[in-house]
Amino acid sequence: MWNSNLKVKAVLFAIIVQIAFLSAPSMAQKESVIVPMHSIHPKPIVKATLNGKTAYFLLDTGSDINIVNSLGAGEYDFALHKVNYSNRGSIATVNGIERDFSHAYNIHMMIGGKPIHCGFVSMDISSIIKSIRKKTGISIAGIIGSDTMKSYHFIIDYENEVIAMKLEK
């Protein structure tokens, strides 16, 4: 639960975000949403819904792509399509290891009650989930990458532990 000091900081942050976004002409036709982060150690995690079910996502500015755990397809009711053509069905990780992936579809994600329209790839990220759960107690369903964060103008406020997003009306 948020304490009263954190609530005041969040409201002030919301006002600052509104002023900043409204002063930019290209953003004047969009609304903003502010949601709490559920962990900032070691990375920010946001609560979302994935096909109507509560899910948590790691925000990873170092990843361009969005990833859902392939082992969660049954739990979250999304479908997978394995990519079978050379060099397009694998992704190189930071340490240079290539990992196979599938395209995930029938995914409907919402953050703060607002729809987030983006594509996902799917792969087994069990080791990442285990590491995050060990550090935070939270099991993530996937990762939101920087391309989606840029599209929705995410602002990660570590001090107030909130995320502001701009959403088109």
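These entries record what I looked up in a predicted model of the protein.

**Entry 1: overall make-up.** I began with the secondary structure and found four helices and 14 strands in the protein. I then turned to burial: of the 169 residues, 40% are buried. For the surface, I noted an exposed area of about 9700 Å², with carbon and sulfur atoms supplying 54% of it. I also looked up how contacts are spread along the chain. Taking contacts between residues at least 6 apart in sequence, I found that 63% join residues at least 24 apart.

**Entry 2: Met 109.** I located Met 109 in strand β9, which covers residues 109-111. Is Met 109 buried or exposed? Met 109 counts as buried because its relative accessible area is 2%, and the cut-off for burial is under 20%. I next listed its contacts, leaving out residues up to four places away in sequence. Met 109 touches Ala 48, Thr 49 and Phe 57, and also Lys 114, Pro 115, Ile 116, Cys 118, Phe 120 and Ile 144. I checked one pair by distance as well: Gly 52 lies 57 residues from Met 109 in sequence, yet their C-alpha atoms are 7.9 Å apart in space.

**Entry 3: Lys 135.** I placed Lys 135 in helix α3, residues 126-136. Lys 135 counts as exposed because its relative accessible area is 57%, and the cut-off for exposure is over 50%. Which residues gather with Lys 135 in a patch of positive charge on the surface? I noted Lys 130, Arg 133 and Lys 134 as the residues that join Lys 135 there.

Methods
Residues numbered from 1 in each chain as written. Predicted model: local features only at pLDDT ≥ 70, side-chain atom pairs only at ≥ 80, totals over all residues. Heavy atoms only, no water. Patch = residues over 30% accessible without salt bridge, like charges linked within 9 Å, V, L, I, M, F, W, Y side chains within 5 Å. Areas by Shrake-Rupley, 256 points an atom, 1.4 Å probe, with all protein chains shown as cover. Salt bridge = Lys/Arg side-chain N within 4 Å of Asp/Glu carboxyl O. Lys, Arg positive; Asp, Glu negative; His and termini not counted. Charge placed at Lys NZ, Arg CZ, Asp CG, Glu CD. Helix = DSSP H or I, 4+ residues; strand = E, 2+ residues; numbered from the N terminus. Buried < 20%, exposed > 50% of the residue type's maximum accessible area, 1.4 Å probe, protein only. Contact = heavy atoms within 4.5 Å.
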